[in-house]
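The following exercises concern a single protein chain. Each task is followed by a solution in steps.

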Amino acid sequence: MRIVTSSQMKQIEQRADQNGLFYYDMMENAGTAAANSIMSKISPRDKRVLVYAGKGNNGGDGFVVARLLFQAGAKVKVVLVDGEPVTEDAAANFDLLHDLEIGVLDFLNDEPQLQVLLRDVDIIVDAIYGTGFHGALRKTARLAARSINGAIAAVFSLDLPSGVNSDNGESDKDAVQADFTIAFDSLKPAHLIYPAAGRCGTVECAEIGIVPQWRADLSHTFLHIMPEMVMEAIPERPEDSHKGTFGKLLNISSSLGMTGAAKLSVLGAQRVGTGLVTLAAPRSLINLHAASLTEAVFLPLIENEAGTVARTAAVQISPKLEQSSACLIGCGLSNNDDTAAVVEFVVKNAKCPLLIDADGINALGRNIDILSEAAGSVVLTPHPAELARLLNVEIEDLLAHRVKYGRAFAQKYNLTLVFKGAHTLVFSPDERVFVNTTGNNGLAKGGSGDILAGMIAGLMAQGIPPLQSAMCGVWLHGAAADRCADRLSKTAMLPSDILTDLCGLFREYNR
């Protein structure tokens, strides 16, 4: 699905206007598409409708909706939030309301009448702000958004819920909570990136007459991960291949009490087709792992008194690192001075692609600047608490400004950042952001991230570039989880269960 920023959408509209699809036409098309969408869900006849309109072109779209719903039999009132419209096209559509004798209220001056109407309203159309909104809601708009959110009605937002930032997913705390959002021409980043995505409800994209060539040369910085992108990046397996064809992954994981994380990461790598997976773990744990991981090979590492990898194990890791096509470090590794030393050694010496997860990320918190000394390409896969510790910010601040922090981090350290969570984001150092919408809250269980780390690292081991491996890994992980939830339920499914559904995905796509 196509994603454009607010400035790109403005550019598209300018080209359309220059080529004969005038702004007034686009407003009429947008309002008509929105009205049709509303009427496809709720019969308008005799329904009580309030259209909250701003003074810009988003308000103009709302006036078109008001007119068409009125003509379809709805009882429509328009609520002016910031006064009468100031753009020419919106004003022209506003005048048509008077011709039809559609009632118009001023949000502040007619508050008593509005409060009465809100008691029995069936449909609310939010047309206060569009893609140009940024920052915080002004006082009147804030009050209007609160009144919308407090009503018992079906809420439809035009293009975007008022109070969300189109380009980064940031959201005012009082932003409109829509049941449905009707995006015009293209999705905007806010439709997919939280917290704004959580304000959008069900999102659909409506055509407004834009011709594809008017947006053909745009350079997209936000990309929605789609199945065809994933399968194009994962080649079909040659008939004359052998295990060496599909790479060698060195997985440095496990410690006393956290063996499950290492096991799941190995299984994740194996299930994406990695040729050979070596688990490097404390030597006292090797027999335990060997009993269940029958297809893996093992590198017993020197351990300390705590049952974790000792720093002196670097001499054992070094030759294996040279022979590997990718390396994963951190799943259940534990976080102490010894493991931090091992992580630092691997970062500085791994010439193959390196994925750092879990305790590997925690170890970086002791000296984040070692990432600048990485010998090869790096992928980081933190959950919000891990990334917040690395950045030394509050989790709430991080979650409210995901794009800002994620982009800055990926650029500063020249790495691929997989910011896990609802609609996982994959940040490239070149500013591109890949948005993944597969997955569900059944993944909110210990072990899910370990499987994901193994999957991405396993794809890297097969020679797929780190950014593409991350993109493919998060989509496959989430898509398998969606199938698993349908099969077992979100509550009962376990992280290891998704591996069965992953097999089904690969079979379906002939991989």
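**Exercise 1.** In which sense, and over how many bridges, do strand S5 (residues 154-158) and S6 pair?

*Solution.* The model is a predicted one, in which local features need pLDDT of at least 70, side-chain atom pairs count only at pLDDT 80 or more, and totals for chains, interfaces and linings use all residues. Residues are numbered from 1 along each chain as its sequence is written, and side-chain values use heavy atoms, with hydrogens and water left out.

Step 1. Strands (E, at least two residues) and helices (H or I, at least four) are DSSP runs numbered from the N terminus, and two strands pair if DSSP finds at least two bridges between them.

Step 2. S5 and S6 are joined by three bridges in the parallel sense. Within this pairing, Phe156 stands opposite Phe180 of S6.

**Exercise 2.** Follow S6 to its pairing with S7, and state how far S6 is enclosed.

*Solution.* Step 1. Strand S6 (residues 180-184) pairs with S7 over five bridges, again in the parallel sense. Phe180 has Thr202 as its bridge partner in S7.

Step 2. Buried means under 20% relative accessible area, with a 1.4 Å probe and protein chains only. Four of the five residues of S6 are buried, so the strand is largely enclosed by the rest of the structure.

**Exercise 3.** Place these strands in their sheet and identify its edges.

*Solution.* Step 1. The sheet is open and has seven strands, ordered S3-S2-S1-S4-S5-S6-S7, with parallel pairing.

Step 2. The edges are strand S3 (103-106) and strand S7 (202-206); each has a single partner strand, so one side of each lacks a neighbour in the sheet.

Step 3. On average, neighbouring strands of this sheet are turned by 20° against each other, direction ignored; the axes are lines fitted to C-alpha atoms.

**Exercise 4.** Describe the chain as a whole.

*Solution.* Step 1. The protein chain contains 18 helices and 17 strands, and its C-alpha atoms fill a box of roughly 85 × 45 × 40 Å along the principal axes.

Step 2. Of its 511 residues, 55% are buried.

Step 3. Among contacts (heavy atoms within 4.5 Å) between residues at least 6 apart in sequence, 72% join residues at least 24 apart.

Definitions and conventions:
Buried means under 20% relative accessible area, exposed over 50%, partly exposed in between (1.4 Å probe, protein chains only). Axes are lines fitted to C-alpha atoms, for helices over the stretch in contact, and angles run from 0 to 180 degrees between N-to-C directions.
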